[in-house]
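Q: I would like a close look at a single part of this protein. Please explain one helix and its surroundings in a connected way, suitable for a first-year student.

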Amino acid sequence: DLVRSRGLGDVYKRQMQHICTYVMRHYTHTISLNDIAAEVCMNRSAFCSFFKRCKGITFLAYLTAYRIDTACEMLKTTPLSIAEICYAVGFNDIPHFNRLFKKAKQLSPRAYRARFSEPAFNKLQG
């Protein structure tokens with residue numbers, strides 16, 4: 001029935017908002033599937049199915065994309081080293097970060113910074 005399905009949609013929407021907020025607040029740390037599933041009162045399997053059904057991608061793919069997008073902003077607007085940015089956005093392995101970044105953006109973090117960083121920031125880099 002429409003009322004019940006609309007109510008369920010609201011529940012799903014609130015759960016997704018909760019998940020996205022949790023990621024925004026905790027992306028700098030390790031987020032296990034068990035942690036995020038418990039955060040929304042689901043078991044791991046139910047959470048994975050729910051997330052994939054709602055977003056069309058896995059939670060890990062979503063978290064990685066969020067971290068890469070955050071790294072892009074930092075590359076454009078901060079003088080932090082690539083290693084510092086890698087750790088700041090929640091990765092703990094620089095080569096892994098570089099591989100995932102290049103796969104997502106078709107550029108290495110260094111090339112991305114050279115192409116997209118703000119002009120005033122480029123002057124600081126010398």
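A: The following account begins with the whole chain and then turns to one helix and its partners.

The model is a predicted one. The protein has eight helices and zero strands, so that reading along the sequence gives the pattern α-α-α-α-α-α-α-α. Of its 126 residues, 33% are buried. Among contacts between residues at least 6 apart in sequence, 53% join residues at least 24 apart. The protein exposes about 8,000 Å², and carbon and sulfur atoms supply 55% of that area.

The part chosen for closer study is helix α6, which covers residues 94-105. Its length can be checked by a short piece of reasoning. The expected span is 1.5 Å times one less than the number of residues. For the 12 residues of α6 this gives 16 Å, and the end C-alpha atoms are 16 Å apart, which agrees.

Both ends of the helix deserve attention. At the start of α6, D93 places a side-chain oxygen within 3.2 Å of the backbone nitrogen of H96. After the helix comes Q106, which has a positive phi, near 60 degrees.

Within the helix, two phenylalanines may be considered together. F97 and F101 both lie in α6, four residues apart, about one turn of the helix. An α-helix has 3.6 residues a turn, so residues three or four places apart point the same way. Both F97 and F101 are buried. Their place in a wider group is also recorded by the analysis: F91, F97, F101, Y112 and F116 form one aromatic cluster.

A comparable arrangement occurs in helix α3, where F47 and F51 are four residues apart and thus separated by about one helical turn. F47 counts as buried because its relative accessibility is 0%, and F51 is likewise buried at 0%. As for the pair in α6, the rings of F97 and F101 are tilted, at 5.8 Å centre to centre with 55 degrees between the planes. A count over the structure comes to 10 aromatic pairs. In the α3 pair, the ring centres of F47 and F51 are 5.8 Å apart and the planes stand at 35 degrees, so that pair is tilted.

Helix α6 also has a charged link to another helix. The side chains of K105 and D69 meet in a salt bridge, with 3.2 Å from N to O. Because K105 lies in α6 and D69 in α4, the pair ties together parts that are 36 residues apart in sequence. K105 counts as partly exposed at 29% relative accessibility, and D69 is partly exposed at 41%.

The structure holds two salt bridges. Besides the pair just described, the side chains of E73 and K76 meet at 3.1 Å, N to O. E73 and K76 are three residues apart in helix α4, and are therefore separated by about one helical turn. E73 is partly exposed at 42% relative accessibility, as is K76 at 22%.

Finally, one may follow α4 to the loop beyond it. T78 lies in the loop between α4 (59-77) and α5 (82-88). At 18% relative accessibility, T78 counts as buried, since the cut-off for that class is under 20%. The side chain of T78 reaches the backbone nitrogen of L80 at 3.4 Å.

Notes
Residues are numbered from 1 along each chain as its sequence is written. This is a predicted model: local features need pLDDT of at least 70, side-chain atom pairs count only at pLDDT 80 or more; totals for chains, interfaces and linings use all residues. Side-chain values use heavy atoms; hydrogens and water are left out. Buried means under 20% relative accessible area, exposed over 50%, partly exposed in between (1.4 Å probe, protein chains only). Contact means heavy atoms within 4.5 Å. Accessible areas come from the Shrake-Rupley method with a 1.4 Å probe; for residues, only the protein chains shown count as cover. A polar contact is a pair of N or O atoms within 3.5 Å; within protein, one must be able to donate a hydrogen and the other to accept it, and residues adjacent in sequence count only if both atoms are side-chain atoms. A salt bridge is a side-chain nitrogen of Lys or Arg within 4 Å of a carboxyl oxygen of Asp or Glu. Rings of Phe, Tyr and Trp (its six-membered ring) pair if their centres lie within 6.5 Å; planes under 30 degrees apart count as stacked, over 60 as edge-to-face and the rest as tilted.
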